[in-house]
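Colleague: I should be grateful for a close look at a single part of this model. Please take the largest pocket and describe its lining.

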Amino acid sequence: MTGARITRRTLLAGAGASAVATGLGACGPGGSPTAATSAPTSPAAAVSGPTAAPSPSPAAEAALRKKIARMLIAGFRGATVGPGDWIVRAIAEQGLGGVILFDRDQLTGGSRNIDSPRQVTALIRALRAAAPHVIVSIDQEGGKIARLKPANGFPATASQEAIGARDSPKATRQWAEGMAKTLVDIGVDYNFAPVVDLAVNPDNPAIAQLDRAFSADPAVVAANAEIAIKAYRAAKVRSSVKHFPGLGSASGNTDFESVDVTDTWTRTELEPYRTLIKDGTVDTVMVTHFHNRQLDPELPMSLSHAVVTGLLREQLGWDGLVVSDDMQATAITNRYRREQAVELALAAGVDQLVFGNQAVYDPDVVQGVVGTVLDLVRAGKVTEAQIDRSVARIDALWPSR
């Protein structure tokens, strides 16, 4: 945490939180960071040389583009939207799978998507009028990390730290039910919560310092997360446990720097995931961008086949949806061009890619990423079967309306 810049975590916490360091990344309009280096070869390509796929017919290509777009979640500006807005066209014409709402805009410092309950409800209705299938996501963890807060007309919420300190099933259930009701009332159906990181480093600027962890005890974390997830499910809101494989011991923030937990991370940080997956209490898992050479000597966790497929899927047994943290985080964009990051994430086994569109504002992000993935399919680096599998995982959670 440096200077007085504003990080995405501060955006999560809202304008009233203390100023902390900024940075989601510095991708230019074409997706290239200001200082990127060449990325390692994708794991898929390293095993066997890619075989170019035959060119699909125009109709087949159009269908494939929509499948790829279904795998994306994008941020946008505006408290209202109309038929001519790029985000509406991306939903209606390109098949964009989801949007993510923010209360504050990082670049302007002003309001972004959320001003009041009535306004954001109307916004979501307008988005769904473009296509009922669109997923509407948000970061609503509670406490400082709330897009929906008293400043914009919503109820105050306790932090995960405060809830974990009480460690009362009844209190946790009431807390989660209250947040779920708030989400349902406005039309949100995907919450990037709960955090299941362990509060093992009290100086962690991204977790403990923002009161985001239930506890340092994995049993307390798992128990409270399970209650919260069940409350969301009962309200038909999907959730995402994060930040796999455990960010609690970090001393930095992946939003604005490369973070390495090699010397501090322990396998105990996997226990909440292991417990929740075994109990069938997970909708999606968010994998984030820190480095951990215990698990991958080179790649960040979100781009690592050894972590996403080897550890999460094969060792822990997770066969459901894996979602990326913001692909525009500085930990990614400082090293990889957008095209490289997308290729590595898909090779790792990520199903759903999030582009918050906060560090830069690119109205062509959906078209650009869809084009990148289509090129990977043509080059034989991504298969249509893989895309179909990811889309099936998404559709299983959010059936077409």
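**The lining of the largest pocket**

Modeller: Helix α14 provides the largest share of the lining of the largest pocket, namely four residues. The model in which this pocket was found is a predicted one. Helix α14 spans residues 384-397, and together with α10 (305-315) and α12 (338-348) it belongs to the helices that each supply at least two residues of the lining. In total, 16 residues line the pocket. Those that lie nearest its centre are L346, A347, G349, Q386 and R389.

The chemical character of the lining can be stated by class: five residues are nonpolar, six are polar and five are charged. The space enclosed in the largest pocket comes to about 240 Å³. As to how such space is located, rolling a probe the size of a water molecule over the atoms shows where empty space is left.

For context elsewhere in the chain, strand β7 may be added. Six of the seven residues of β7 (residues 238-244) are buried, so this strand is largely enclosed by the rest of the structure. Strand β7 runs parallel to β6 (residues 190-191), to which two bridges join it, and S239 of β7 is the bridge partner of N191. With helix α8 (residues 218-234), β6 and β7 form a right-handed β-α-β unit. Strand β7 also pairs in the parallel sense with β8 (residues 284-287), over three bridges, and there F244 stands opposite V287.

Definitions and conventions. Residues numbered from 1 in each chain as written. Predicted model: local features only at pLDDT ≥ 70, side-chain atom pairs only at ≥ 80, totals over all residues. Heavy atoms only, no water. Buried < 20%, exposed > 50% of the residue type's maximum accessible area, 1.4 Å probe, protein only. Pairing = 2+ DSSP bridges. Right-handed = clockwise from strand over helix to strand, strands pointing away. 1 Å grid on protein atoms, 1.4 Å probe; cavity = no way out; pocket = protein on both sides within 12 Å on 5 of 7 lines; lining within 4 Å. Points joined across faces, edges and corners; volume = space filled by probe spheres on them. Nonpolar A, V, L, I, M, F, W, Y, C, P; charged D, E, K, R; others polar.
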